[in-house]
Amino acid sequence: MNTTLNDGLQSLSYGSSNAILLGIAIIAIALVLQLYDSNAKSKYPVVGADLKNYFFRAIRQRQHWFKHGPEIIHSSFKKFPNTIFTLPSLDRTSIVLPPRFLAEIKELPGTIGSNSHATSDVSIVIRFAIVKEKYADPAFKFFIGNWTTLDYDIFAHATIDAIKAQYIARIGQQIGPASSEASISVDIKASLSALSRTNPCQDDWTPIVAQPKILELVTQMVARTIVGPDICRDPEWVPAVIGYAQNVFMGAVTLKLVPKAAWPLVSLFTPYMYRIHRCRRTIRRLVRPVIEQTLAWRHEHPQLWAAKVKSEEMTTLEWLIETSKPEETNVPQMAHRLTGVSFGAAHTTSNTITNALMDLANDFERWAPPLREEIESIVGRDSSRLTNADLSKMWKLDSFLKESQRFHPPSKLSVNRKMMKDHTLSSGEVLPKDAHISFAGVPMSLSEPTFESPEAFDGFRFEKLRRNKETDHNGLQFTSSYSGSLHFGHGRYMCPGRFMGSLISKLLIIEFLQRYDLKLSGEGRPKNIMFFDMDIPDPKYEIMFRDRKA
Ligand code: HEM
């Protein structure tokens, strides 16, 4: 559990150490794919490896998707910019729609195109309980929640309602706790001394393996608002939450490599499932006393509770108690949903920050002075009293994050939905039940017609567009979306935590800019690791830090 998720994924993409599992996987995939090639059935053109032999095409297309997913997405979008096409994938029929369908898909209700079914699944417990019919057909989903525990219930309505109440309606209240946690934990200097034992200082520059460090910081900052100051600083919390996410990803990827019939066996042999449960036990143990105390207090003081809900700062734990049904306010279910919020927040936000720091370090002399000038013109050198209103004036910082995300969002595919029933588009084309649909988010934002030189990184691109009175201003802020920027999703199921992700990203980047100078440790910006449709910053890359000189 010491490695990060990104480490694990990297090792998987470069060759798994588990030879037996790989052997089983290869044989099983060969057998299953000979019998079943879902992509071959699609009526839309299938992209990917162009192999004539059916048997090998099925296998090779999937192998190719695993290793070359991002390139396939880019080249296919170039070939079919206005046509629906089918992407090969390991586990599902995946259909990519051209931008002209964005407006109609963004408003589809969850009963027709479900976002949560596209990522999660129904847990075994729920599957055999009363709601069985509602969530029947738990086909393959991205995180295979019925085995990895990242199930439909983790992002239930109560979870989303709690996130919206806290991180959308009351985002202004989060800045105090998050920024006090940032100044406590951002003391990179303290970590520097620990890290420098393995990475000796070079002159006054110190190399820091950025991604895992930022992941820890972000997990702790978000935890401050999720479970409060005591638990978030408990030395067991951050490793348990990070370990959970890492092992869910690795467990899901491992299972996807073998046919469904082999899952019970593979689950027994892969360590990921055991680790998932170990992390869950730790999380549950840590939150149990607070959940029990809060429930008891609410029971004894209903009026005080009602007043608190109206006017006071509340943690996600408290919001969840408020938004969940009475029969759901038990420790296991509350702990489960809290784990879901941490899961949604940590890697997405830390990867956003790591990417932005790499882009900053790539041309520090060009980007840092105007960013510092903007920050200092609003808050001076002391950012401890920063408000949300201050942040909203920092257009350059907002733009820099958006531009960095344009090149490196969490996924090359956006607005993912699972079709819950057949749906006919305005063009008359049919999206079949069970199909996974999405849009080619990154190629779309790299070919957006309103961008000048869209292939070039311009940190202040969106700031300039916002200042230009001629341009349509919709979607130009970091947390907003349009066809040129779909990386928080789009429409009614857009990421509910995006304002918090943005807040934490900005707080940390301000902290870094105010305290340190940055540079790359090698020539040119490091390449991200890409496979399937995923895009993650290299977890081993070292960014060079030194105390700020200017
Ligand atoms: C910069 C950081 C973040 C990025 C890039 C990001 C990105 C995304 C994306 C692309 C989606 C899918 C939207 C769709 O279905 O179309 C999503 C969903 C979600 N995000 Fe975020 N996110 C970030 C931060 C956060 C934070 C801080 C939280 C929690 C506080 C969070 C919680 C969630 C949840 C719960 C969902 C699932 C929503 C649902 O099922 O309806 N995210 N996020």
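This is a tour of the structure above, stop by stop, from the whole chain to its sheets, a helix and the ligand.

The model is predicted, so local features are described at pLDDT of at least 70 and side-chain atom pairs at pLDDT 80 or more, whereas totals for chains, interfaces and linings use all residues. Residue numbers start from 1 along each chain as its sequence is written.

Begin with the whole chain, which has 25 helices and twelve strands, helices (H or I, at least four residues) and strands (E, at least two) being DSSP runs numbered from the N terminus. Of its 550 residues, 47% are buried, meaning that 20 or more other C-beta atoms, placed from the backbone, lie within 10 Å of the residue's own.

Next, select strands S1, S2, S8, S5 and S3, which in that order form an open sheet with mixed pairing; two strands pair if DSSP finds at least two bridges between them. Strand S1 (85-87) and strand S3 (113-114) are the edges, and each has a single partner strand, so one side of each lacks a neighbour in the sheet. Within this sheet, S2 (residues 94-97) and S8 (residues 436-439) run parallel over four bridges, and Leu 97 stands opposite Phe 439 in S8.

Now move to the open sheet of three strands, whose order is S4-S12-S9 and whose pairing is antiparallel. Its edge strands are S4 (206-209) and S9 (516-520), each of which pairs on one side only. S9 is joined to S12 (residues 542-547) by five bridges, and the bridge partner of Leu 520 is Ile 543 in S12.

Select helix H25 (residues 498-515) next. At 1.5 Å a residue its 18 residues should span 26 Å (1.5 Å times one less than the number of residues), and its end C-alpha atoms are 26 Å apart, which agrees. Because 15 of the 18 residues of H25 are buried, the helix is largely enclosed by the rest of the structure.

Finally, display the ligand. It is surrounded by 27 residues, the closest being Gly 344, Gly 489, Cys 495, Gly 497 and Gly 501, where a residue counts as near if its C-beta atom, placed from the backbone, lies within 6 Å. Helix H9 (157-169), helix H19 (331-362), strand S5 (414-419) and H25 each give two or more residues to this shell, and H19 provides the largest share, six residues.

Terms used. A residue is buried if 20 or more other C-beta atoms lie within 10 Å of its own, exposed if 12 or fewer, and partly exposed in between; C-beta atoms are placed from the backbone.
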